[in-house]
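Colleague: Could you show me the model, so that we can go through it together?

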Amino acid sequence: MNHPDLTPLLLSLKVAAVSTSIVFVAGLLIARFLTRKHFWGKHVLESFLLLPLVLPPTVVGFGLLLLFGKNGMLGKWLAEWFGVQVVFSLTGAVIASVVVSFPLMYQSAAAAFSGIDRRYEDAARTMGASEWRVFWTISFPLAWPGLLAGFVLSFARGLGEFGATLMLAGYIPGKTDTIPVAIYFAVEAGQMDKALFWVIVIVSLGMGTTMWLNWWSRRSVRRFANTK
Amino acid sequence: MLYVDIQKRLPDYVLHARFTAKDEIVVLFGPSGSGKTTILNCVAGLTHPDAGLIRLSDTVFFDGHPKKALPPQRRNVGYLFQDYALFPHMTVEQNIRYGMKKGTNLRLDELLASVGIDRLLDKYPHQLSGGQKQRVALVRALATEPDILLLDEPLSALDADTRRQCQDELLRLHEMWRIPFLLVTHDREEAERLGDVILVTENGQVHPQHPQSENRTSLHAGIERESSGGRS
């Protein structure tokens, strides 16, 4: 294997990048909203949002197939109105990755936001700052370490997503074969050297991510030390 | 002139507060849990009473409808929080400039020098001593050029010497600014040293206590009538 085909790496990075961007914004907004509002059914909604964390990925994939399949509610609608086919496409891989990594971002963001002393925000309000300014100058920077942790975890999770991706996007070489899917089918086909190559790549990526996260969070803990 | 006449249900009792404050230092004095901070928060708009009226000069802050209450952003209130709530990720200068109005004539350098924190501008809050934090928070609150200053136990975290100094500073700043200062404390000595008027809060009730001299009180007539046997 002199020139390994690098498509799986590019596809994985592409899927993880797009899904993490979506998950970061959605997780941040929903966490921000839910940490300050109290309404009937909030706990049910929260449990539902966290469900992909505890379900087998195949179950998530099955649910997504029902929803986005050719005859699924959303799938039919998307196909008729936008001509978009989710099943067996990279869009499907992105959707699977979004659903599976959302709970990680949501949990990190919710913890980060509820960890902020509300008096900082109150102080800013009494000083005339609009809610928008309070968010961008106080809440966001103070929650940043937690938000970044959520971002990195979601990215790593998106990179490694396998089960739901396989169910929804399938294995189409050059089109939907992200690294984890490529590893599975390489092993299945007895191409152990190819599988090993991708294993090394994804282990390095994972190690790099967690090491960086560790280093960064220790640094930011130092920066925020003794702040109370 | 601040006019407060509010009721608010709290877990253990119903808070009734009725008083006025001219451009003087009004001290709310009482044990912890007696509703002092809640009164400040109602004036600042961080929480709302269940009923009543809060008015500062001609501006109505609250007139019985929590949904229609004036938001804290528009009350122009300076608030010195109990442990100061200095923004930990901003320098002293960024903290102080945060609420300054555009095109203000405020002489910030004079204000900074007058409380001796002009050399701390580049420091972060966690690098400051208790007394320095207190002064920074005070300048930050005044830098917004508020119409009233609320102070929640502003000196309780300080040692005795620093506390004495800061009390003198507060009196001096009040002389300069001439706006109502509404100050919460549970320290009787401090209440008597700083207060032009002392209001005692106990179990949700607010009673006047006449300080050193009678003529320094400026309580709303209604309270005096009520406390001396009710009104018709």
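**Interface, fold and a bent helix**

Modeller: In this predicted model, 16 residues of chain B are in contact with 18 residues of chain A, a contact meaning that the C-beta atoms, placed from the backbone, lie within 7 Å. Local features need pLDDT of at least 70 and side-chain atom pairs pLDDT 80 or more, while totals for chains, interfaces and linings use all residues. Residues are numbered from 1 along each chain as its sequence is written, with chains lettered from A and ligands numbered from 1 in the order in which they are written.

Colleague: How many residues on the side of chain B that touches chain A are nonpolar?

Modeller: Counting Ala, Val, Leu, Ile, Met, Phe, Trp, Tyr, Cys and Pro as nonpolar, Asp, Glu, Lys and Arg as charged, and the others, Gly among them, as polar, that side has no charged residues and five polar ones. The nonpolar residues there number eleven.

Colleague: What radius of gyration does chain B have?

Modeller: The radius is taken over C-alpha atoms, and the globule rule is 2.2 Å times the number of residues to the power 0.38. For 232 residues a compact globule would come near 17 Å, and chain B agrees with this, at 18 Å.

Colleague: At which residue does H7(A) bend?

Modeller: Helix H7 of chain A (helices being DSSP runs of H or I, at least four residues, numbered from the N terminus) covers residues 131-160, and its end C-alpha atoms are only 37 Å apart, short of the 44 Å of a straight helix at 1.5 Å a residue. The expected span is 1.5 Å times one less than the number of residues. Taking the bend as the angle between axes fitted to the seven residues ending at a residue and the seven starting there, H7(A) turns by about 60°, with Pro145(A) following within four residues, at Trp144(A).

Colleague: How much of residues 9-211 of chain A is helix?

Modeller: UniProt, in an unreviewed entry, places "domain: ABC transmembrane type-1" at these residues. The stretch has 0% strand, and its share of helix is 81%.

Terms used. Contact = placed C-beta atoms within 7 Å. UniProt positions renumbered as here; feature names shortened; annotations may be inferred. Helix = DSSP H or I, 4+ residues; strand = E, 2+ residues; numbered from the N terminus.
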